[in-house]
Amino acid sequence: GLNFLDLMVRQGNIDNPPKTPLVPGFECSGIVETLGDSVKGFEIGDRVMAFVNYNAWAEVVCTPVEFVYKIPDDMSFSEAAAFPMNFVTAYMMLFEVANLREGMSVLVHSAGGGVGQAVAQLCSTIPNVTVFGTASSFKHEAIKDSVTHLFDRNADYVQEVKRISTDGVDIVLDCLCGENTGKGLSLLKPLGTYILYGSSNMVTGETKSFFSFAKSWWQVEKVNPIKLYEENKVIAGFSLLNLLFKQNRGGLIKSVMDKLLSLYNNKKIKPVVDSLWALEEVKEAMQRIHDRGNIGKLILDVEKAPTPLMANDSTETS
């Protein structure tokens with residue numbers, strides 16, 4: 001699976017990036033080749049998906065058994081590679097952190113991306129949940145059925161949301177950070193939850209720029225605890241990788257994965273795969289995410305041959 005986080009790793013916009021050379025990637029799907037001595041519950045030849053602490057973009061991947069899950073029979077390998085990061089992130093934010101219940105409303109940015117689509121699908125499993133989404137206008141036709149109200153990502157979504165729901169929303173899921181933090185908090189109803197789960201505005205241009213990175217954080221309004229108390233608002237952060245690899249919550253993630261696979265088997269959710277790319281095409285695949293051209297998940301397929309470029313193609317459009 002190719003995630004926005006991989007772009008942040010490439011640009012160094014993460015805490016303590018590992019020393020190069022490194023193999024990127026945090027999730028994959030494949031077939032079990034060998035097992036550790038004490039591994040129970042899996043056999044060689046099993047179809048599985050897994051979280052990996054880097055090194056997922058490879059033909060052979062090694063990871064502890066607690067991060068590995070069997071793939072349902074009717075799920076393809078590409079769907080399985082698109083499943084863990086997006087759906088576990090979306091589920092935990094909605095149900096573990098924000099306690100989504102019937103009749104609530106949710107605002108999600110990048111509604112056409114992998115997490116955005118997972119959020120929209122999970123919200124549809126609860127009665128009467130209103131989903132407000134922002135996305136680039138060219139995606140609206142493709143994703144309009146998955147969210148209740150869709151706004152252009154460059155529009156003044158605060159006014160649009162307030163026009164439809166005067167007292168705001170119950171949950172804001174913010175992967176943009178920067179100036180959107182203040183806007184998100186202003187839209188929260190009393191007892192609402194604002195969750196920061198990424199900082200995609202930090203990925204700027206082609207090269208890492210410390211100044212654009214700093215400017216993105218500088219735009220974050222300082223959060224005043226007294227104001228949170230007076231307004232009855234909750235502000236939270238969510239990092240799936242830290243939960244998995246630094247805070248030893250593999251057991252909790254496994255229970256969430258069981259619930260998600262049950263939803264999948266009951267045809268309630270289904271990963272949206274945008275496109276498949278050969279490993280040699282990773283630059284173009286990353287550019288597609290960078291330009292926010294994808295609807296759903298991009299997958300790197302080790303068995304796919306690179307697509308020959310047409311004579312008139314540029315790298316950007318290929």
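User: Why does Lys 254 count as partly exposed?

Analyst: In this predicted model, Lys 254 has a relative accessibility of 40%, and because buried means under 20% and exposed means over 50%, with partly exposed in between, a value of 40% puts Lys 254 in the partly exposed class.

User: What makes the meeting of Asp 258 and Lys 254 a salt bridge?

Analyst: The side chains of these two residues meet with an N to O distance of 3.5 Å, and since a salt bridge requires a side-chain nitrogen of Lys or Arg within 4 Å of a carboxyl oxygen of Asp or Glu, the pair of Asp 258 and Lys 254 fulfils the requirement. Asp 258, at 41% relative accessibility, counts as partly exposed, and because Asp 258 and Lys 254 are four residues apart in helix H11, about one helical turn separates them.

User: How do you know that Glu 281 counts as buried, and which class does Lys 304 belong to?

Analyst: Glu 281 has 10% relative accessibility, and because the limit for buried is under 20%, Glu 281 counts as buried. Lys 304, with a relative accessible area of 24%, is partly exposed, since that value lies between the cut-offs of 20% and 50%. The side chains of Lys 304 and Glu 281 meet in a salt bridge at 3.8 Å, N to O, and this pair links distant parts of the chain, 23 residues apart, with Lys 304 in the segment after strand E11 and Glu 281 in the loop between strand E10 and helix H12.

User: Why is Arg 163 counted as exposed, and what does Arg 163 form with Glu 160?

Analyst: Arg 163 reaches 61% relative accessibility, and because exposed means over 50%, Arg 163 counts as exposed, whereas Glu 160, with a relative accessible area of 27%, is partly exposed. The two form a salt bridge in which the closest N and O atoms are 2.8 Å apart, and both lie in helix H6, three residues apart, which is about one turn of the helix.

User: Why does the largest nonpolar core, which has 58 residues, lie where it does between domain 1 and domain 2?

Analyst: Domain 1 (4-83 + 247-300) and domain 2 (85-211 + 219-243) both give residues to this core, so the core lies between them. Among its members, Phe 51, Leu 122, Leu 173 and Leu 260 touch the most other members. Leaving aside neighbours within four places in sequence, Phe 51 is in contact with residues including Phe 26, Val 88, Leu 244 and Ile 253.

Definitions and conventions:
Residues are numbered from 1 along each chain as its sequence is written. This is a predicted model: local features need pLDDT of at least 70, side-chain atom pairs count only at pLDDT 80 or more; totals for chains, interfaces and linings use all residues. Side-chain values use heavy atoms; hydrogens and water are left out. A nonpolar core is a set of buried Ala, Val, Leu, Ile, Met, Phe, Trp, Tyr and Cys residues joined through side-chain atoms within 4.5 Å. Buried means under 20% relative accessible area, exposed over 50%, partly exposed in between (1.4 Å probe, protein chains only). Domain bounds come from an automatic or database domain assignment. Contact means heavy atoms within 4.5 Å. Helices (H or I, at least four residues) and strands (E, at least two) are DSSP runs, numbered from the N terminus.
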